[in-house]
Amino acid sequence: MAHSFPEEVLEHVFSFIDSDKDRNAVSLVCKSWYEIERWCRRKIFIGNCYAVTPRIMIRRFPELRSVSLKGKPHFADFDLVPEGWGGYVDPWVSAMGRAYPLLEELRLKRMVVSDDTLEMVSKSFKNFKVLVLSSCEGFTTDGLASIAANCRNLRELDLRESDVEDLGGNWLSCFPESCTSLVSLNISCLGSEWSLRNLSALERLVGRSPNLRRLRMNRAVPLDKLANLLRRAPYLVELGTGAFSSELHPDVFSNLSGAFSGCKELRALSGFWDVVPAYLPAVYTICSGLTSLNLSYAAVQSSDLVKLITQCQNLQRLWVLDYIEDSGLEALAESCKNLQELRVFPSDPFAAEPNVTLTEQGLVAVSEGCPKLESVLYFCRQFTNDALFTIAKNRPSLTRFRLCIIEPRTPDYITLEPLDAGFGAIVQNCKELRRLSLSGLLTDRVFEHIGTHAKKLEMLSIAFAGDGDLGLHHVLSGCESLRKLEIRDCPFGDKALLANAAKLETMRSLWMSSCSVSFEACKLLGQKMPRLNVEVIDERGPPDSRPESCPVNTVYIYRSIAGPRLDMPAFVWTMDEELALRLS
Amino acid sequence: MERTDTYERHHLKATELRLGLPGTDEPQKQSPATASIKSNKRALPESAKDCSSNNNSCASDVKDGDCACAPSSKAQVVGWPPVRSYRKNCFQQKKNEPDVSGMYIKVSMDGAPYLRKIDLKVYKSYPELLTALENMFRFTIGEYSEKEGYNGSEYVPTYEDKDSDWMLVGDVPWDMFTSSCKRLRIMKGSEARGLGCV
């Protein structure tokens, strides 16, 4: 059948289509569109590195320039995934080194990256521009030295929240003098104990990077150095300070204040370790331009926080510690009418008694005062159904709602009832809700509400909740858009899992730890569903050394066209019968 | 479900607060399905503190535990509350403040009639230390550069390390410096020139 347009025209049209979803849709129209599309796709996002293999990716998309990969499941952030579980990027980089010499961007999240891999990256891709390592681990500053030394056109190096072993060398000085291409540098996760050599190298690097717009430094960069750095980079759009403390000295303050006022493009501020409150006013001149403020390391009192925040009338995102207290949040609600995202972190999560006055009142105030609020992460110690009703009524536009009441199974502190009705109101009113994290005392009823109403929900996190299988069944059978479900310490068992086996193929993954899933059920699921990888993670030894009805510690189930993985450590068992037989 | 009840009974038994000493047996309570709804009371402040100072051992106990194991103190559960580890470390730093012993070392300056003593623990970075020295002895130290040491200054800060070698202050990470520094000497420029240019 003749094409209506020649290939080149279609390719040109496709080049305007950026989103993965749309690209996928295009590729399903007909065989020739599939072919044209796959040759001109430049960017790919793989949400689970074990869902597909490098070979499959390369075979279908031979001309990629940008690859994003995610490895470990989200609960790895909270130490629930044992060391050595997997998520190695090395096989991907090896394969891409051969297949994509023109690769420009690599973005990894929760993956294990070695120094050798980084060296391979730095030498395989001549035009490499962007490296983002988000919550990754396994590499040292030596690996970073390779990247610095060999990537001639590096634009972005972002190590956000990665665990990097600092070998004390001076990798920053490995950027050649001729390297002036840096646009973004995020080393905020690096150590707090630098030598003057390191500081000096950073200053020189910043000084010769005229395109630098995002700079996030680590705790080791002292306040005294900040003014100089800012003067060398007055066009910064995003800044992460180092330690924000110094001997109180009028010179240091005025120098700093002057430097900040020279940075008229600043829109985002973060860092603020070890804050001495007297220095906070140094940033006041640029507050009105700020859209993002991360004070989640600033252990200062509410009054100091409020003085700063109330100057930021254009604030869209605020991350802060619970030192802000209810009163501070009320002030926030008055001043920052453009607020879209609020995250309140606990200053002392393990304290037996509350150390600050941060309650449900604070969040209610923000929900009342901030009409554009759509994303919430809130750690506190008490809540009520009423407060949840109010929040739901005030902000039906919420898309992400994560509430963490610190003590598991805490009821409504006034009525002593479960918080089922409150969360029910959230899912019923907030029709666009895509992400939800539950906490507090919850019965199966909350899951009934979620299954009935949360039709756009994509990610759900559950802990210490529910009565039995019915709860899980409600979620799996009702939540049509569900992609990621992570559960810990809930009495959910085999029945719901097996009854909804088919649903699991429509999701990216399901994590269940410290629940009531038996080894027997895992085996059955693995056998019945060949396109699911069912992995049992149990450090107590082989699951068949215990009665089959004994609950497994963790089961991690994800859809995959790659088959069971071959890099599993000793404490992970796949339920793939064939593989198990082969390896036994 | 029967299976669930047994599982819950195991866990609840281990975690419920008792009036007796730990280890003594209590008469078995009947735990119906509603047991899971009973909200566990907070642990006593003492046990919470104990556990938080032995953070790691508590966590590893739970990880290595078998079917019937549960955290012996209710205060610490692995991965709960869901706070990233780099956020936790931030605040322990503040708490570790009560550390009584200082790290006093002698500081000599060429040409000065007597020595001084400073507590290295008071400073958290090189710039802080150098500013303090400048104030104490009323002189200025130049800009540090990797190649030339301290540029354009009459005086250069040096220190004697564990091997009794005289080293230029600033080359190694701060914590390495504080752990190996035995004494400081502010050397006069002429002598120091050899040291500064490596």
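Me: A residue is buried under 20% relative accessible area, exposed over 50%, and partly exposed in between (1.4 Å probe, protein chains only). Which class fits Lys307(A)?

Reply: Lys307(A) is partly exposed because its relative accessibility is 48%. This is a predicted model, where local features need pLDDT of at least 70 and side-chain atom pairs pLDDT 80 or more, while totals for chains, interfaces and linings use all residues. Residues count from 1 along each chain as written, chains are lettered from A and ligands numbered from 1 in written order, and side-chain values use heavy atoms, without hydrogens or water.

Me: What partner does Lys307(A) have in a salt bridge?

Reply: Side chains of opposite charge can pair when their charged atoms come close. A salt bridge here puts a Lys or Arg side-chain nitrogen within 4 Å of an Asp or Glu carboxyl oxygen. For Lys307(A) the partner is Asp304(A), at 3.7 Å. Both sit in helix H11 (residues 302-309) of chain A, three residues apart; helices are DSSP runs of H or I, at least four residues, and strands E runs of at least two, numbered from the N terminus. Asp304(A) is buried at 17%.

Me: How far apart in sequence are the parts that Glu37(A) and Arg23(A) tie together?

Reply: Their side chains meet at 3.0 Å, N to O. Glu37(A) is in helix H3 and Arg23(A) in helix H2, so the bridge joins parts 14 residues apart. Glu37(A) is buried at 0%, and Arg23(A) is buried at 6%.

Me: Which chains does the pair of Asp171(B) and Arg197(A) link?

Reply: Chains B and A: Asp171(B) lies in a loop of chain B and Arg197(A) in helix H8 of chain A. The closest N and O atoms are 3.6 Å apart.
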